Amino acid sequence: MERSRNRNLIIGILGAVTAYLVWGLQPIYWKALAQLDAWVVLAHRYCWTAVFLIVFIGLTGQFALLCETTRKLFQKKSKLLLLILISFIALLNWWMTVFAPINGYVVELGIGQFLTPVMSVFLGVVFFREYLSFMQKISMLLALVGIFIMLIHFGQFPWIALGISSTWAAYGALKKKISLDPTIAIFLETIVVVPFAIVFLHATADSIFKVLETDLVLGLFLIGTGILTSAPLIAYTYATNCLPLSLLGFCQFISPMLTLCLGIFVYKEPFRINELLPLLFIWSSIVIFILDPIRGKLIAKKKYISNPSKRAF
């Protein structure tokens, strides 16, 4: 039992780190598609992700599992409705993720990713009754102060930052409730949206294959969105199934840090006191939240060593 728990923990951590590393660097890819509208890019992303995943499912022999999962979902309508809800929450999150780099909001995208752990912890407490220590509650309070400062000093409503954080936290929480096989879950979420994507591309006179005829390089970039976005999602789904939601939320510091550095140092976007001040509170919150469990273990170990009578022989 202990070995299985440790194995799941390792798989979860590896999945989370892989996913967040790829996501942190994704703005570079979306910037390369800046000549296109974000909705067009997203529509292609869904179509090519479906193609990539169906091939992947075939190669890994998971067709039977796909059919069985689909059958069970149609038998249990509540889970099917939950899957549809997850699919459209993911759609909103992906649109903001693509829109932000294309339109010069990489710094705000990074700030939104830093906010996501706060939302994840909040949902973990509300929906999964995950326990927070006193210091972890203090860390949450600091993060909320950061959000409040951001709302006051940003000069405009930071809808990208708040939208990214809230939709992604909700996505992670709901996926923990539905608990499907990672690859099958991503494919079903994708296939829910694909019909809308095809209709949209047809309505905008931008068929799936037209871009390949007019601009081969751009077309290959669009095809690549299928692999670029589905691979880390599969890894993330493994992480959601193997890690507590609170730990999962605070594993993602890799992604926002990379994104923020891209916005500041590569794309030279403004980063003034208005952006820095709320981040200082959010960073303080993250540090306290991460260090508190370590502090608790050290205290427990010290008590154990100083009380030899309580040791089991």
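Modeller: A crossing is left-handed if the near helix is turned anticlockwise from the far one by less than a right angle, and right-handed if clockwise. What you're looking at is a predicted model, where local features need pLDDT of at least 70 and side-chain atom pairs count only at pLDDT 80 or more, while totals for chains, interfaces and linings use all residues. Residues are numbered from 1 along each chain as its sequence is written, and side-chain values use heavy atoms, with hydrogens and water left out.

Colleague: Okay, so which way does α5 pass α6, in a left-handed or a right-handed crossing?

Modeller: The helices (DSSP runs of H or I, at least four residues; strands would be runs of E, at least two; both numbered from the N terminus) in this pair are α5, residues 106–128, and α6, residues 134–153. Their axes (lines fitted to C-alpha atoms, for helices over the stretch in contact, with angles from 0 to 180 degrees between N-to-C directions) are 11 Å apart, and the packing angle is about 135°. As for handedness, the crossing of α5 past α6 is left-handed.

Colleague: And α3 with α8, at what angle do they cross?

Modeller: Here we have α3, residues 63–75, and α8, residues 182–203, with axes that come within 10 Å and cross at roughly 60°. That makes α3 oblique to α8 (under 35 degrees counts as roughly parallel, over 145 as roughly antiparallel, 65 to 115 as roughly perpendicular, the rest as oblique). α5 and α6 are oblique to each other too. The α3 and α8 crossing is right-handed, and its angle is roughly 60°.

Colleague: Stepping back, how many helices does the protein chain have?

Modeller: Read from the N terminus, the elements are α after α, right to the end of the chain. The strand count is zero, and the helix count is 13.

Colleague: What percentage of the residues in the protein chain counts as buried?

Modeller: Buried means under 20% relative accessible area, exposed over 50%, and partly exposed in between, with a 1.4 Å probe and protein chains only. The protein chain has 313 residues, and the buried share is 49%.

Colleague: On to charges. Which residues are joined to Glu68 in one network?

Modeller: The structure holds four salt bridges (a side-chain nitrogen of Lys or Arg within 4 Å of a carboxyl oxygen of Asp or Glu). One of them pairs Arg71 with Glu68 at 2.5 Å, N to O, and another pairs Lys72 with Glu68 at 3.8 Å. A further one, at 2.4 Å, pairs Lys175 with Glu189. Through bridges that share partners, Glu68 is in one network with Arg71 and Lys72.

Colleague: Why are Arg71 and Glu68 separated by about one helical turn?

Modeller: Both partners are partly exposed, Arg71 at 39% relative accessibility and Glu68 at 30%. Lys72, also partly exposed, is at 47%. Lys72 is four residues from Glu68 in α3, again about one turn. Arg71 and Glu68 are about one turn apart because their spacing in α3 is three residues.

Colleague: What about Lys175 and Glu189, are they buried or exposed?

Modeller: Lys175 and Glu189 form a salt bridge, with 2.4 Å between the closest N and O atoms. This pair links distant parts of the chain, 14 residues apart, with Lys175 in α7 (residues 159–178) and Glu189 in α8. Both Lys175 and Glu189 are buried.

Colleague: Any odd backbone angles? Which residue has a positive phi of about 55° although it is not a glycine?

Modeller: Ser179 has a positive phi too, near 45°; its place is the loop between α7 and α8, and at 46% relative accessibility it counts as partly exposed. The residue you're after is in the loop between α12 and α13 (273–306). With 63% relative accessible area that residue is exposed, and the one with phi of about 55° is Lys268.

Colleague: Where does Phe253 lie?

Modeller: Phe253 has a relative accessible area of 44%, so it counts as partly exposed. Its spot is the loop between α11 (245–251) and α12 (254–266).

Colleague: Last one: how many Å apart in space are Asn8 and Asn241?

Modeller: Asn8 is in α1, residues 2–31, and is partly exposed at 30% relative accessibility. In sequence, Asn8 and Asn241 are 233 residues apart, but C-alpha to C-alpha the distance is 8.6 Å.
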